[in-house]
Amino acid sequence: MKKIFTLIPAVLLFITTITAQTTGGHVSGSVLDGNGKALQSATVSLHKVKDSAVIKFTVSGKNGEYEFDNIPEGSYLVSVSSVGYDKASTSPFQISTAD
C-alpha cells in the first residue's frame with residue numbers, strides 16, 4: 001500500500017483561515033501523493049478536534065484541490081483518504097472569524 005505521509009505537510013501548506021467580516025472561516029488545500037502528484041477523487045473530511053465529529057466532507061478535484069466554506073470558529077483538523085493510500089491527517093488548527 002502506498003503511503004501519503006507527504007500529504008500532511010502539503011495540506012498544511014494550503015490551509016488558510018480568513019479573519020474578515022464573514023459568516024465563517026475558509027479552509028482550502030491540495031491533496032498530493034508522495035511524489036507531489038495531485039490525487040483526484042480523494043475523500044477529504046473536516047473534523048472538530050474536540051470530538052472528531054465530521055463537520056463537512058468533499059472529494060478532491062482534478063488537480064487535488066478541495067475547499068470548505070462557512071466554517072464556525074473552533075479547532076479543526078483535515079483528514080484525507082484515497083483507495084490505495086494510507087489515511088492521513090493534519091495537525092489541529094484554529095479558525096477565527098473575529099477581527
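How much area does the chain expose, and what share of it do carbon and sulfur atoms supply? In this predicted model, the exposed area of the chain is about 5,700 Å², and carbon and sulfur atoms account for 54% of that area. The chain comprises 99 residues, of which 40% count as buried.

The secondary structure consists of 1 helix and 7 strands. Along the sequence these elements follow the order α-β-β-β-β-β-β-β. Contacts that span long stretches of sequence are also found: among contacts between residues at least 6 apart, 56% join residues at least 24 apart.

Strand 2 pairs with two other strands. Its pairing with strand 3 is antiparallel and extends over 5 bridges, with strand 2 covering residues 43-48 and strand 3 covering residues 54-59. These two strands form a hairpin in which 5 residues lie between them. Within the turn, Ser-52 adopts a positive phi of about 65°. Strand 2 also pairs with strand 5, formed by residues 74-81, again in the antiparallel sense and over 6 bridges. Individual positions illustrate both pairings. Leu-46 is placed opposite Lys-56 of strand 3, and Ser-45 has Phe-57 of strand 3 as its bridge partner. Towards strand 5, His-47 is found opposite Leu-77. In general, side chains in a regular strand alternate between the two faces of the sheet.

Ser-45 offers a closer view of this region. The residue belongs to strand 2. Its relative accessible area is 11%, which is under the 20% limit, and Ser-45 is therefore classed as buried. Beyond its neighbours within four places in sequence, Ser-45 is in contact with Lys-56, Phe-57, Phe-68, Leu-77, Val-78 and Ser-79. One of these residues, Phe-57, is also the bridge partner of Ser-45 in strand 3.

Phe-68, another contact of Ser-45, takes part in an aromatic pair. A pair of aromatic rings is described by the distance of the centres and the angle of the planes. The count of such pairs comes to 1. The rings in question are those of Tyr-66 and Phe-68, with centres 5.9 Å apart; because their planes stand at 55°, between the 30 and 60 degree limits, the pair is tilted. Both members fall below the limit for burial: Tyr-66 is buried because its relative accessible area, 4%, is under 20%, and Phe-68 is buried with a relative accessibility of 3%.

A further position of interest is His-26, which lies in strand 1, spanning residues 25-30. Is His-26 buried or exposed? With a relative accessible area of 15%, a value under 20%, His-26 is buried. The side chain of His-26 forms a polar contact with the side chain of Asp-69, at 2.3 Å. His-26 can also be placed relative to Ser-96, a residue 70 positions away along the chain: the C-alpha atoms of the two residues are separated by 9.8 Å.

Definitions and conventions: Residues numbered from 1 in each chain as written. Predicted model: local features only at pLDDT ≥ 70, side-chain atom pairs only at ≥ 80, totals over all residues. Heavy atoms only, no water. Helix = DSSP H or I, 4+ residues; strand = E, 2+ residues; numbered from the N terminus. Buried < 20%, exposed > 50% of the residue type's maximum accessible area, 1.4 Å probe, protein only. Polar contact = N/O pair within 3.5 Å; in protein donor to acceptor, adjacent residues only side chain to side chain. Pairing = 2+ DSSP bridges. Phe/Tyr/Trp six-rings, centres within 6.5 Å; stacked < 30°, edge-to-face > 60°. Contact = heavy atoms within 4.5 Å. Areas by Shrake-Rupley, 256 points an atom, 1.4 Å probe, with all protein chains shown as cover.
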